[in-house]
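Trainee: I would love a close look at one part of this protein, the place where a pair of helices pack together. Could you walk me through that, and then show me what else is worth finding in the model?

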Amino acid sequence: MPCARSLMAAGLPLRAGSRGLYMRGTRHGYSRRAARVASTPSEAKFLNRGIKEVVRSICCGNMGKMSSNPDEPKSRARTDFLLNNEAEVQMFWDENKVFEADPGNKPPSPGEKFFGNFPYPYMNGLLHLGHAFSLSKLEFGAAYHRLHGSNVLLPFAFHRTGMPIKASADKLAREIQQYGYPPVFPAAEDCSAAVDAIEADQADVVAPNKFKGKKSKATAKAGAYKYQWEIMKSFGLDDEEIARFQDPYHWLTYFPPLAKEVLKKFGLGCDRRRSFITTDMNPYYDAFVKWQMRKLKKLGKVVKDMRYTIYSPLDGQPCADHDRATGEGVQPQEYILIKMEVISPFPPKLKALEGRKVYLAAATLRPETMYGETNCWVLPDGMYGAFEINDTDVFILTARSALNLAYQHLSRVPEKPTCLCELSGNDLIGLPLKSPLAFNETIYALPMLTVLTDKDKSAEKVCHDLKIKSQNDKEKLAEAKRMTYLKGFTDGTMVVGEFSGKKVQEAKPLIKSKLLEEGTAVLYSEPEMKVMSRSGDECVVALTDQWYITYGEAEWRQKAVRCLDCMNTFSTETRNVAHLLQNGNMYGKEISSVRPEEMTDEVWDFVFCDGPALKSDLPAALLDKMKQEFEYWYPFDIRVSGKDLIQNHLTFCIYNHTALLPEHHWPLGFRCNGHLMLNSEKMSESTGNFLTLEDAIKKYSSDATRFALADAGDGMDDANFVTEIANSAVMKLTKEISWMEEVTAAESKLRAGPPTTFADRVFANEMNIAIKEAEKNYNAFMFKDALKFGFRVLQLARDEYRLSCGAAGMNRDLLWRFMDVQTRLITPICPHYAEHVWQKIMKKEGIVIKAGWPDADTPDPTLRIANKYLQDSIVSMRKLLQEQESGSKKPKKGAAPAPPSKEKKMSIGLIYVNEHYCGWEEQCLRVLQSKFDSQSRSFAPDQEIAEALKGCTIGQEMNLKQVQQLCMPFIKKKKDEAREVGPQALDLKLPFSEMDVLRENLEPIKRQLGLEQVEVLPASDEAARAKAGEHASLLEKKTTITR
């Protein structure tokens, strides 16, 4: 081999600067526990089956022989291994009843218990990833508190109340009646018009104070048109089974058990004894709801009143938000219907109406503008009708409006409009009219081709005409408001009529009352936008006499606001004695010591509301047990839900709690999340971009699914489940298991004794920081960052440690500490994997999900800065070495590249260190020192810092843009360091000795640079500089090594 060239005395001068990275620390000398004897048969089975035996049986070899491509479909060995492990772990948990939560004998101390709950999902189908995403927030949080030592209660139930199931059952029955059994449906294109109509009607619906993505939730629910039979087919049901779903009660018995089973596969840590379903099918739940309603009524919170409400004629009842296929959030819009009397003689088309009072009825939001009415516009091709309102009056209007009027007590036949004759707009042109407020005694119906008989399109037309694309088009939106005469209403003054001189806002209600009292107008309401019920009919607005809960009433609202002020956010529900009543059966059908009829209002008051002692047929011990159970767990600590429930379910929850329960039982917290996308696109069954929870588990395993859900995001914006992340999680988890097996098998080859090296200290420090950061993020329910610090950061730290140790080897105690810490930190997210590592590889005692949070020493930010400095220095040195060995230089622009010089292989390196900042860096630091508040660890605004730099030498030598390009990256870095470690980060000398760090790490530097000898020298020492010989000129170059 050719001999490597030596620099001899001159050596290789490499300049090191003074900036750094933060690493984190932990305790030294962590001892591994001895293996223990299995305490139960299931535990023995779980422990005895070695991981390598399982892996070999699945893979016909070890994990290292599996495909390394996370998207490789040919081998499911890794996924199958995880699935088999999950099944074993879940059996082990069940037999040890690890999720059953019982109260203590006295009130809990702070932090002793954690009670979280979740709005139970509606059971009209299979659970999907959207359900799992919201639920995972509660599951991860509860698992963290369980790991931390809290007594954790996570109950779970299944929602069956409301119209969706009944509507689906009726729809299925109609399809069978119309298309046969099994049904034969028309071609798909016949249904496209229905979808287009749905999307058009919902395109611009944005109710105030609502969250909105690219499409409304209603549109998302609509998707492409699907028959109910096809939806049931997508669940994998055969024809005979589907036919049974014509009975609404069959839904109640079919889907909840499936959901309960898939949640078990998911690893949900819930107390299944407490599961229940809603509706009167569960008599205990029915008694609980009746108690609530009776108590609210007794408190005056439930009243009967005539009100306008969205109504489904087909269902014969009001259509609430969750009973709608489209139009969620849409409310009734009130109008004044102006009666413009047709002046006789009537034209031929209206001759049959002679002797009746006939009116053209026009709806308006602005009755005060009728003074200046000059004519009435009609659409020539529009379809109208003459509808009987009562024995004398006939209104000419559209059939759609007549139907709404019929449900508002404005039809001779209630709820059934009577059309005396059909008319077109052409039939109405030229009709003389008498309008109640118009100064012109007679006005006429005139044609206008742009009249919209469907008022839903008017806002859309203005937006289209002005090319308004979003709420960001502020100027165009302002013009739209002006076009719809908003300014006249807000700023105008009446100049005519009996209310002349009054502000328009003051006159409007007075004019409205005048018209109604005189009988020249009527009140009229219709939906703000089209609403379709789940039964498939278009909803109207009906004036109904029904019961209402008086949410928003002033005194009640004050209590609700007081509750909200003390919460982290919203929350709901009062359900935690169900297992004592139902005897573990979610339908409440098992033989129990309590009969439903024995759960009287007095019993509920005693249990929930600190009610007085009562005489009851129930045993006193059982009553006390129920009360003690409730008193221990309540108030709940957090409720997790999607953001779409804020305006209804969650708001009502606060009201109900403040009305029904004493203040010390009011909710403590609530956390909302956005909806879930799949691979950056809306989840939709119609497009195929959809995953049920069970399919996700089969495809990726439970732990990999949970891993990707944690990674999906935590804010109120829509999150994103990435299948590539789930696939890579399978690889990461199984490879980590293989690595741990290799480490434990080679234990004798690891470096023994206490951790002593710089790399040891850095690795320990990194574990300390990971523990602290993961704890902070778990507490904040920020699971993406908890996963980052609890797994990814630790993986990087381990890999860097392995590289830094080289031939000396890694420290055995630190590796066992690493495996312990990483396993605990990822337990809330990947509990099956963690249980496997804990018991089978590490041979630990107990169950990992209750093992306790790992201890951590105080992190050392200075050590982390020092390690960042070291790693950045090595990278910069490697780059400089390559440049000196190759002798390559960039050619000037337009010049031919210089021929490559003969390679010079270096073997000796001289590293010169200047431990003080100087030049422009010193000037930046002095400015930052003057602009830093050490008490709050905050800086003056960037503009103020930039102004200060202008007064420095560098600011006078360069223009502002040059100064920003040179200085701002350095300033940002030093500001971040100062916020973390304090004012010492702004010193002109780093908070550690650069010389000591480099000298302590000569071996890894030599190994990573491929040098035989390395020496660290002070740049200020002339004798040391002389060693550079002919290469001394390199010391004057402004090399940049990040400090």
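Mentor: Let's begin with a term: the axis of a helix is a line fitted to C-alpha atoms over the stretch in contact, and angles between N-to-C directions run from 0 to 180 degrees. Please keep in mind that what you see is a predicted model.

Now find helix H30, residues 861-886, and helix H36, residues 1002-1009. Their axes are 10 Å apart, and the angle at which the helices pack is about 35 degrees. The crossing of H30 with H36 is right-handed. Next, look at the side of H30 that meets its partner: Leu-870, Ile-874, Met-877, Arg-878 and Leu-881 are the residues there. From H36, Ile-1005, Gln-1008 and Leu-1009 come to meet them. If you sort the residues of this contact by character, you get 6 nonpolar, 1 polar and 1 charged.

With that pair in mind, step back to the whole protein, which has 37 helices and 26 strands. Of its 1043 residues, 51% are buried. Among contacts with a separation of 6 or more, 78% involve residues 24 or more positions apart.

A sheet makes a good next stop. Four strands form an open sheet in the order S3-S2-S18-S19, and their pairing is parallel. Strand S3 (151-153) and strand S19 (670-673) are at the edges; each has a single partner strand, so one side of each lacks a neighbour in the sheet. On average, neighbouring strands here are turned by 20 degrees against each other, direction ignored. Zoom in on strand S18, residues 638-642, which pairs with S19 in the parallel sense over 4 bridges. Along this pairing you can spot Val-640 opposite Arg-671 in S19. Helix H22, residues 646-660, lies across S18 and S19, and runs at about 165 degrees to S18.

Just before you leave this region, check the loop between helix H21 (620-633) and S18, where Pro-635 is found. The peptide bond from Tyr-634 to Pro-635 is cis, with omega near 5 degrees. Another cis peptide bond joins Ser-344 and Pro-345, with omega about 5 degrees. Pro-345 belongs to the loop between strand S7 (332-342) and strand S8 (357-364). For context, most peptide bonds are trans, and most residues other than glycine have a negative phi.

That brings us to phi. Asn-679 has a positive value, near 55 degrees, and its place is the loop between strand S20 (676-678) and strand S21 (681-682). Ser-701 also has a positive phi, near 90 degrees, and is found in the loop between helix H23 (693-700) and helix H24 (702-711). Their surroundings can be told apart using a cut-off: buried means under 20% relative accessible area, exposed means over 50%, and partly exposed is in between. Asn-679, at 34%, is therefore partly exposed, while Ser-701, at 0%, is buried.

You can apply the same reasoning to a couple of cysteines. Cys-805 has a relative accessible area of 9%, so it is buried. Cys-918 is at 43% and therefore counts as partly exposed. If you search for disulfides, the structure holds 0 of them.

Note on methods: Residues numbered from 1 in each chain as written. Predicted model: local features only at pLDDT ≥ 70, side-chain atom pairs only at ≥ 80, totals over all residues. Heavy atoms only, no water. Helix = DSSP H or I, 4+ residues; strand = E, 2+ residues; numbered from the N terminus. Left-handed = near helix turned anticlockwise from the far one by under 90°. Contact = heavy atoms within 4.5 Å. Nonpolar A, V, L, I, M, F, W, Y, C, P; charged D, E, K, R; others polar. Disulfide = S-S within 2.5 Å. Buried < 20%, exposed > 50% of the residue type's maximum accessible area, 1.4 Å probe, protein only. Pairing = 2+ DSSP bridges.
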